[in-house]
Amino acid sequence: MTECRVQIEKVEKTFRDFWGRARVRAVRGVSFDVAAGEVFGLLGPNGSGKSTLMKMMLGLLRPTAGQIRVLGQSPDTTAIRARIGYMPEESSLYPFLTAEETLDFFGQLFGLEAAERARRVEELLAMTGLAHARCRRVGEFSKGMARRVCLAQTLINDPDLILLDEPTAGLDPVGSRQVKEMIRALAQRGRTVILSSHLLADVEDVCDRIAILYHGLLCALGCVNDLLEEHGQIRILLPALDPAVREESLEWLRRRTGAVPLWEHPRKDLETVFLETIRHAPPPPEGASGAAVEEEAPLAPFLKGKGESAPP
């Protein structure tokens, strides 16, 4: 039986004014579970309750009604929070610390020994492609580089539950693909990932299940494939046909089904075209500006040891 990492049971959150009067009902009777090794997406327009739910999972807010259990317990305890990694929507970093100092600082907050901190910092800098910028102050970083530091900081404690708010915001397509591959790799090794994003294509790429919120209500919940498939239609893929053969086949289908079949060439998504172009581009001329990009981004070794699903 798959372990349940997060349980949300009929949760409500009402924000009140100074006089105790209900001002905003941010979450209204939401219920769902998230299992170990699952990537779960929280979707919805601004003000739908996604961030409020995440803050309640972190123990930063308490529900007005209902119950939240994280890793089998209330998220209010320090012991449970130590097993959670959180990447906020805004990259709130100390601008005068370097990337290396930032990760070392967060490692100290989690009580890691100096030798273990140094090892994890080294591995995370390599994993996020920041080894070359380890001694630069993060206040000088681009938004994309700051997001990479935030991702590394989120993983410094080797968490069991990872909460990501807009994880690919500000990243170029190569960096976005790397982050998505990391998310899938973490899930395969037993971590639970809950992410919120307005980039629906990214959610579709990585999530096993999604919940769609609107005005604090849970409007849809299910597996991504089940929600996206149109069961009233089918698509058949064939190699490119001679035009005469194609017309003959379409005519046969018209007679057999009584419907007018449509045909089109399958399409790649733009991200795939971009990455293929970069992968096959000639090497840059000497002295060219711009950082080199690496599509492969293996997980830091210290993140590979949890979960029965970890590869040998």
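**Threonine 154, helix α9 and a three-stranded sheet**

User: Leaving aside its neighbours within four places in sequence, which residues is threonine 154 in contact with?

Analyst: Happy to help! This is a predicted model, where local features need pLDDT of at least 70, side-chain atom pairs count only at pLDDT 80 or more, and totals for chains, interfaces and linings use all residues. Residues are numbered from 1 along each chain as its sequence is written, and side-chain values use heavy atoms, without hydrogens and water. With contact meaning heavy atoms within 4.5 Å, and neighbours within four places in sequence left aside, the partners of threonine 154 are Gly85, Tyr86, Met87, Pro159, Ile162 and Leu164.

User: Is threonine 154 buried or exposed?

Analyst: Threonine 154 is found in helix α5, residues 143–155 (helices are DSSP runs of H or I, at least four residues; strands are runs of E, at least two; both are numbered from the N terminus). Buried means under 20% relative accessible area, exposed over 50%, and partly exposed in between, with a 1.4 Å probe and protein chains only. At a relative accessible area of 0%, threonine 154 is buried.

User: How many Å apart are the end C-alpha atoms of helix α9?

Analyst: The expected span of a helix is 1.5 Å times one less than its number of residues. For the 15 residues of α9 (243–257), that should give 21 Å. The model agrees, with the end C-alpha atoms apart by 21 Å.

User: What is the order of the strands in the open sheet?

Analyst: Strands pair if DSSP finds at least two bridges between them. Strand β1 (residues 4–16) and β4 pair in the antiparallel sense over five bridges. The open sheet has three strands with antiparallel pairing, in the order β2-β1-β4.
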